[in-house]
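I opened the model to look up a few charged pairs, one helix crossing and some single residues. My entries follow in the order I made them.

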Amino acid sequence: MAGDMADNVILVGFMGAGKSSVGRLLARRLGRCFVETDDMITAKEGRPIPEIFTGRGEPHFRALEDEAVRLLALKRGDVIATGGGLPCQDGRVEALQALGTVVWLSGDLATLCERALRSGDRPMLHGKTREEIETLYKSREPFYAKADLRVDTTSLNPDQVVAEVWKALEARTRLPHPAVPR
Ligand code: S3P
């Protein structure tokens, strides 16, 4: 393991992958703290993400993500859920890997979109056609694919995804505590 910061588990993936729900459950089972970069950003700005996009635009939101990544350097042994666009720039996945094990929650795009449209307000999907969403996804996939581990969530519920992530982490022998899965 590359130093003590490597204990974090960092979830990446497209909108609708289940990073928040899986992250929260996984943290509970590992007995760790759960951190979401989107929450760090909304707490700092004092308003929800859709309002940040409407008021200041995507570039401002991405600058806030940069700052959130810098603050993640303070985290030890946490489960961290990232926003869908956060890992998608050169050097970013590598920066996350310096903080811990990066896990890609992947899935069939139609399933991801259906989930994303069902829950929460995603400015990145506003007014986009199916083709535009697919283009966005394709541009992001190479970044997600750099993750250390991948779990396909397409036909799994959050509990099952947690179990798969657990297994994958264990196989990599990077579980920091001898905790027992429930
Ligand atoms: C975004 C995904 C969102 C949030 C913001 C931008 C993106 O997070 O960070 O709306 O660019 O894909 P989720 O992936 O949790 O939906």
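**Entry 1: E94 and K146.** I looked up E94 and found it in a salt bridge with K146, with the closest N and O atoms 3.2 Å apart. I count a salt bridge when a side-chain nitrogen of Lys or Arg is within 4 Å of a carboxyl oxygen of Asp or Glu. E94 sits in helix α4 (residues 92–97), K146 in the loop between α6 (130–144) and β5 (149–152), so the pair ties together parts 52 residues apart in sequence. Helices here are DSSP runs of H or I with at least four residues, strands are E runs of at least two, and both are numbered from the N terminus. E94 is partly exposed at 38% relative accessibility. K146 is partly exposed too, at 35%. My cut-offs: buried is under 20% relative accessible area, exposed is over 50%, and partly exposed lies in between (1.4 Å probe, protein chains only).

**Notes on the source.** This is a predicted model, in which local features need pLDDT of at least 70 and side-chain atom pairs count only at pLDDT 80 or more, while totals for chains, interfaces and linings use all residues. Residues are numbered from 1 along each chain as its sequence is written, and side-chain values use heavy atoms, with hydrogens and water left out.

**Entry 2: other salt bridges.** How many salt bridges does the structure hold? I get eleven. One of them joins the side chains of E36 and R24, at 3.5 Å from N to O. This pair links distant parts of the chain: E36 is in strand β2 (residues 34–36), R24 in helix α1 (residues 19–30), and they are twelve residues apart. Is E36 buried or exposed? E36 counts as buried, at 11% relative accessibility. R24 is partly exposed, with 40%.

I then checked E45. Its salt bridge to K44 has the closest N and O atoms 3.8 Å apart. E45 is partly exposed, with a relative accessible area of 21%.

**Entry 3: α2 against α3.** Two packed helices are described by the angle between their axes and the distance between the axes. For helix α2 (residues 37–45) and helix α3 (residues 49–72), the axes come within 9 Å and cross at roughly 115°. I used lines fitted to C-alpha atoms over the stretch in contact, with angles from 0 to 180 degrees between N-to-C directions. The crossing is right-handed. By the convention used, a crossing is left-handed if the near helix is turned anticlockwise from the far one by less than a right angle, and right-handed if clockwise.

Which residues meet? On the α2 side I listed T37, D38, M40, I41, T42, K44 and E45. On the α3 side they are I49, I52, H60, F61, L64, E65, E67, A68, L71 and L72. Contact means heavy atoms within 4.5 Å. The residues of this contact divide into nine nonpolar, three polar and five charged.

I picked out H60, which lies in helix α3. H60 counts as buried, at 17% relative accessibility. Leaving aside neighbours within four places in sequence, H60 is in contact with E45 and I52.

**Entry 4: T153.** Where is T153? I found T153 in the loop between β5 and α7 (158–171). T153 is buried, at 1% relative accessibility. The side chain of T153 reaches the backbone oxygen of S106 at 2.8 Å. Beyond four places in sequence, T153 touches A17, L105, S106, G107, L112, R115 and V161.

**Entry 5: helix α5.** In helix α5 (residues 109–118) the buried residues are L109, T111, L112, C113, R115 and A116. Their cover includes β4 (100–106) and α6. L117 is in α5 as well. Is L117 buried or exposed? L117 is exposed, with a relative accessible area of 61%. From L117 to W166 I read 27 Å, C-alpha to C-alpha, with their positions 49 residues apart in sequence. Just after α5, G120 takes a positive phi of about 80°.

**Entry 6: R28.** My last look was at R28, in helix α1. R28 is exposed, with 53% relative accessible area. The C-alpha atoms of R28 and E65 are separated by 25 Å, and the two residues are 37 apart along the chain.

Definitions and conventions. A polar contact is a pair of N or O atoms within 3.5 Å; within protein, one must be able to donate a hydrogen and the other to accept it, and residues adjacent in sequence count only if both atoms are side-chain atoms. Ala, Val, Leu, Ile, Met, Phe, Trp, Tyr, Cys and Pro count as nonpolar, Asp, Glu, Lys and Arg as charged, and the others, Gly among them, as polar.
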